[in-house]
Amino acid sequence: MSRPQTLSDWQALAARVTAQLEGNAFINDEFVPAVSGETFESLNPATGERLAMVASCDSADAEIAIRHARAAFKRGVWSRMAPVERKGVMLRLAALMEAHQDELALLDSLDMGKPVTSALNDMAGAIGSIRHQAESIDKLYGEVAPTGEQALGMVLREPLGVVASIVPWNFPLMMTAWKIAPALAAGNSVILKPSEKSPLSALRLAALAREAGIPKGVFQVLPGFGHTVGRALALSMDVECLAFTGSTAVGKQLMQYAGQSNLKRVFLECGGKSPNIVFADCANLDRVAESAAAAIFYNQGEVCIAGSRLLVENSIRDAFVARVVAAAERMQPGDPLDPASFMGAMVDRIQYERVMGYIRQGVEEGAALRVGGEEVDGPGLFIRPVVFDGVTPEMAIGCEEIFGPVLSVFGFETEDEALELANDSDFGLAAGVWSRDIDRIMRVTRRLESGQVFVNNWAGGDQTMPFGGVKQSGNGRDKSHHSLAEYTQLKSVWIELS
Ligand code: NAD
């Protein structure tokens, strides 16, 4: 079947897909209701309509899933399968995801409000991640240590056991794939807890994983809330690793849970307030302004690496901000199923109110509102792009993660001042530098406190590049062969030779 092209094509597919949505948990190869029988509503934030009732798992379901995950790990059906065979199964999963990518993209769009065209980009990232990690795993060698002749020292890389992946709602399936691809490739049993705001694509993925041949108990999906099923996974004595993407506050909580239980490995991908630095010598103001606007307004600003702090050299600031405002006026929200929409709806009422609160606070704190900020009438939770100029680091909109389409512009005079402003943050996820001067680019890049730096672009990268933060943006790395290190442990074997 060819890809839907128009709004009505997507609406027709949505009608078919929503008629048969899966809302049960996926435990030991079966779709089952929560032990408690509890459910929660999955709503479409663009229309306010109910999509499905979803199993609300809690500690009872977590216990069952962990038992199956551990049993599968011990049986070795996956953990001791030859890497080349695991690769084969995962490549089948990638092929199935590709065959169903319109449906998967649609589920994310309906569930959390992003434009279906952005969701299709996410599918490319998700499928690419499964393929990349599958292809890596039979090319990963252990080590022979440089000992003397009297011994053989081997360093083996082994899976951890049961991995719980707890993920957010902003890129539901892509964040899921970034976590489960290396965890599964390495031979772990994985329990996925999708966000309660976007569980539908994860449940569809479970059916595809079963079809691909991932053995019973090796991949399970527990929908539900953080404080119930998420907490139970995090406090379990039988989970070896928490792989988390989400807010810094919850990341801190997970580290405490690990300390209160079995010292499980906790690796975190958390929030950001990323600086995008534009020097007056950058190549093309129009192109840079367009990119700076997309850096914050893409995905309604619900992006961990959103370029939410724009630092502009004062000599070009007025001209540059005018261009960013013009770009913001073109990037308006619309029906997520309309391929022409650049932005969609905010994920839910809570997030909508939070962002509107920050916009009011920005005005009260004295920042100059250049564009946006109006309420949009109707049942959908839409927010027009907002640009504030004259922001300072003390303002809430200058230092806190808003996670919405709100850009804070700062001016600077010198390179040192730009760096001072850029690094004046608890976060360190991403940063951008725009300039034609390679010496300056390298000076600034090395001094930026950030897990990733984009030079003359925003958000560039592919499967070969690790993704993650420093400071309170987290301590882990998704993607690339570096992510395999998060899901494996080293075993040193010393063989005495006579
Ligand atoms: P969140 O922290 O509220 O929730 C993330 C996940 O944690 C959800 O599945 C949630 O149910 C679960 N959770 C919540 N409380 C829990 C608890 N006590 N125990 C166990 N699990 C719990 O974050 P969110 O609102 O879903 O996502 C937005 C955040 O994610 C932003 O801060 C954003 O920057 C961050 N994010 C980071 C990256 C990255 O790669 N660094 C990528 C995407 C999103």
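A polar contact here is a pair of N or O atoms within 3.5 Å. With that in hand, let us walk through this predicted model, starting at the ligand.

Glutamate 196 offers a good entry point: an N or O atom of its side chain sits 2.7 Å from an oxygen atom of the ligand. The backbone takes part too. At cysteine 270, a polar backbone atom lies 2.8 Å from a nitrogen atom of the ligand, and at glycine 246 a backbone N or O atom is 3.4 Å from a ligand oxygen atom. How much of the ligand's own accessible area does the protein cover? On its own the ligand has 850 Å² of accessible area, and the protein covers 90% of this.

Now step back to the surroundings. The ligand occupies the space of the largest pocket. Helix 8 (226-235), strand 10 (241-245) and helix 9 (248-260) are the elements that each give two or more residues to the shell around the ligand. There are 28 residues around the ligand, and those that come nearest are Val167, Glu196, Ser247, Cys270 and Glu401.

For a last stop, turn to alanine 459, in the loop that runs between strand 19 (452-455) and strand 20 (470-471). Is this residue buried, partly exposed or exposed? Alanine 459 has a relative accessible area of 40%, so it counts as partly exposed, a class that lies between under 20% for buried and over 50% for exposed. Leaving aside residues up to four places away in sequence, alanine 459 touches Ile305 and Phe454. Glycine 307 is 152 residues from alanine 459 in sequence, yet their C-alpha atoms are 9.0 Å apart in space.

Conventions: Residues are numbered from 1 along each chain as its sequence is written. This is a predicted model: local features need pLDDT of at least 70, side-chain atom pairs count only at pLDDT 80 or more; totals for chains, interfaces and linings use all residues. Side-chain values use heavy atoms; hydrogens and water are left out. Helices (H or I, at least four residues) and strands (E, at least two) are DSSP runs, numbered from the N terminus. Buried means under 20% relative accessible area, exposed over 50%, partly exposed in between (1.4 Å probe, protein chains only). Contact means heavy atoms within 4.5 Å. A residue is near a molecule or strand if one of its heavy atoms lies within 4 Å of it. A polar contact is a pair of N or O atoms within 3.5 Å; within protein, one must be able to donate a hydrogen and the other to accept it, and residues adjacent in sequence count only if both atoms are side-chain atoms. Accessible areas come from the Shrake-Rupley method with a 1.4 Å probe; for residues, only the protein chains shown count as cover. On a 1 Å grid over the protein atoms alone, a cavity is a set of points where a 1.4 Å probe fits but cannot get out, and a pocket is an open set with protein on both sides within 12 Å along at least five of seven lines; lining residues have an atom within 4 Å of a point. A molecule sits in a cavity or pocket if more than half of its atoms lie within 2 Å of its grid points.
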